[in-house]
Amino acid sequence: MMTLTPDQVASAAEALLAAEATREQIGLLSLAHPGMTLDDAYAIQAAQMEQKLAQGREIIGWKIGLTSKVMQDALGIDTPDSGVLYDDMRFDDGATIPETRFIQPRIEAEIAFVMKAPLEGEVTREDVLAATDYVAPAIEILDTRVLRKDPDTGRPRAIFDTVSDNAANAGIVMGQERHAPDAFDLRWVGTIVKQNEAVAATGLGAGVLDDPVTGLIWLARRMATYGQRIEAGQVVLSGSFIGPIECPPGTDIHADYGPFGSVRLHFA
């Protein structure tokens, strides 16, 4: 159910796009619109998508967020969220991220699924594996165009702010390794993430809804409710199994997935 008017949705989308362009965050939408719903938030996300596509951007895939119980409890929700991956968000393994690109970048470690067939609506685990071309180690770059906390009230962002802000999505870096989706038990694929050569986080794929494949089942169902589907050739970031790591200028990141591969990047 939506509570915002079309004009309010358009205005919020414009504000978020301007924040991305100027690198100046806006206030919490959940404070400005106390009655807003997840349908409102996804409408704001979709309004930005329309503008980006009109400007020549291409959709290369989707990200799934808030898949861990800890993060859901922190926001008082019981569902993941999702966002859009655009072509200008893709960085090569080992890339240097310009300091002027993002506002407050953070990273998370994930397993990326690259699809060879579309997924839509009610799908099974077997459907997801059959539609997957390969899986790969990946890092998602997060950024927020909305303040993390309101300076006056101390109130943190709500799920509505995050979803409106394209699920805090900002970039994707995939490792060079490619694996058949059934080559590994993805629940046991783990990573050691080093920040400037010091271990900053570790995690296992099971941290994502007990199985990263489950995220794609959820995403296919959620997208169908908004008339969308996961297309062949698109990449899906299945959800992080570590907490976000702050990446101020000068940060080196190395995510070591053992036999599954690795990913590196540097923030200038």
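Student: Which phi does Gly227 take, just after helix α7?

Tutor: Gly227 has a positive phi of about 70°. Helices (H or I, at least four residues) and strands (E, at least two) are DSSP runs, numbered from the N terminus. This is a predicted model, in which local features need pLDDT of at least 70 and side-chain atom pairs count only at pLDDT 80 or more, while totals for chains, interfaces and linings use all residues. Residues are numbered from 1 along each chain as its sequence is written, and side-chain values use heavy atoms, with hydrogens and water left out.

Student: What makes α7 "mostly covered"?

Tutor: Ten of the 14 residues of α7 are buried, where buried means under 20% relative accessible area, exposed over 50%, and partly exposed in between (1.4 Å probe, protein chains only). Among the buried residues are Leu216, Ile217, Trp218 and Leu219. Their cover includes α3, β1, β2 (81-86), β5, α5 and β10 (235-237).

Student: Which residues in the loop between β9 (198-204) and α7 have a positive phi without being glycine?

Tutor: Leu209 is one of them, with a positive phi of about 55°, and Asp210 is another, with phi near 75°. Both residues lie in that loop. The area of Leu209 is 28%, so Leu209 counts as partly exposed. Asp210, at 46%, is likewise partly exposed.

Student: How do you know that Arg221 and Glu122 form a salt bridge?

Tutor: The closest N and O atoms of Arg221 and Glu122 are 3.2 Å apart. A salt bridge is a side-chain nitrogen of Lys or Arg within 4 Å of a carboxyl oxygen of Asp or Glu, so the pair qualifies. Arg221 belongs to helix α7 (residues 212-225) and Glu122 to the loop between β5 (106-115) and α5 (125-131), which puts the partners 99 residues apart and links distant parts of the chain.

Student: Is each partner buried, partly exposed or exposed?

Tutor: Arg221 has a relative accessible area of 35%, so Arg221 is partly exposed. Glu122 reaches 63% and is therefore exposed.

Student: What makes Lys63 and Glu140 a salt bridge, and what does the pair tie together?

Tutor: Their closest N and O atoms are 2.7 Å apart. Lys63 is in strand β1 (residues 59-65) and Glu140 in strand β6 (residues 132-142), so the bridge ties together parts 77 residues apart in sequence. Both residues are buried.

Student: How many salt bridges does a search of the whole structure find?

Tutor: The search finds eleven. Another example joins Glu231 and Arg229, with 3.0 Å from N to O. Glu231, at 30% relative accessibility, is partly exposed, and so is Arg229, at 34%. In addition, Arg57, Asp87 and Asp88 form one network through salt bridges that share partners.

Student: Why is α1 called oblique to α3?

Tutor: The axes of α1 (residues 6-22) and α3 (residues 38-54) come within 8 Å and cross at roughly 60°. Axes are lines fitted to C-alpha atoms, for helices over the stretch in contact, and angles run from 0 to 180 degrees between N-to-C directions. Angles under 35 degrees count as roughly parallel, over 145 as roughly antiparallel, 65 to 115 as roughly perpendicular and the rest as oblique. The crossing angle falls in the remaining class, so α1 is oblique to α3.

Student: Which residues make this contact, and how do they divide?

Tutor: Contact means heavy atoms within 4.5 Å. Residues in α1 including Val9, Leu16 and Leu17 meet residues in α3 including Ile44 and Ala47. The contact divides into eight nonpolar, two polar and three charged residues. Here Ala, Val, Leu, Ile, Met, Phe, Trp, Tyr, Cys and Pro count as nonpolar, Asp, Glu, Lys and Arg as charged, and the others, Gly among them, as polar.

Student: Why is Thr37 called buried?

Tutor: Its relative accessible area is 15%, so Thr37 falls in the buried class. Thr37 lies in the loop between α2 (29-32) and α3. Leaving aside residues up to four places away in sequence, Thr37 touches Met1, Met2, Thr3 and Phe160.

Student: How do you know whether Asn166 and Pro6 are buried or exposed?

Tutor: Asn166, in the loop between α6 (159-164) and β7 (169-174), has a value of 7% and is therefore buried. Pro6, in helix α1, stands at 68%, so Pro6 counts as exposed.
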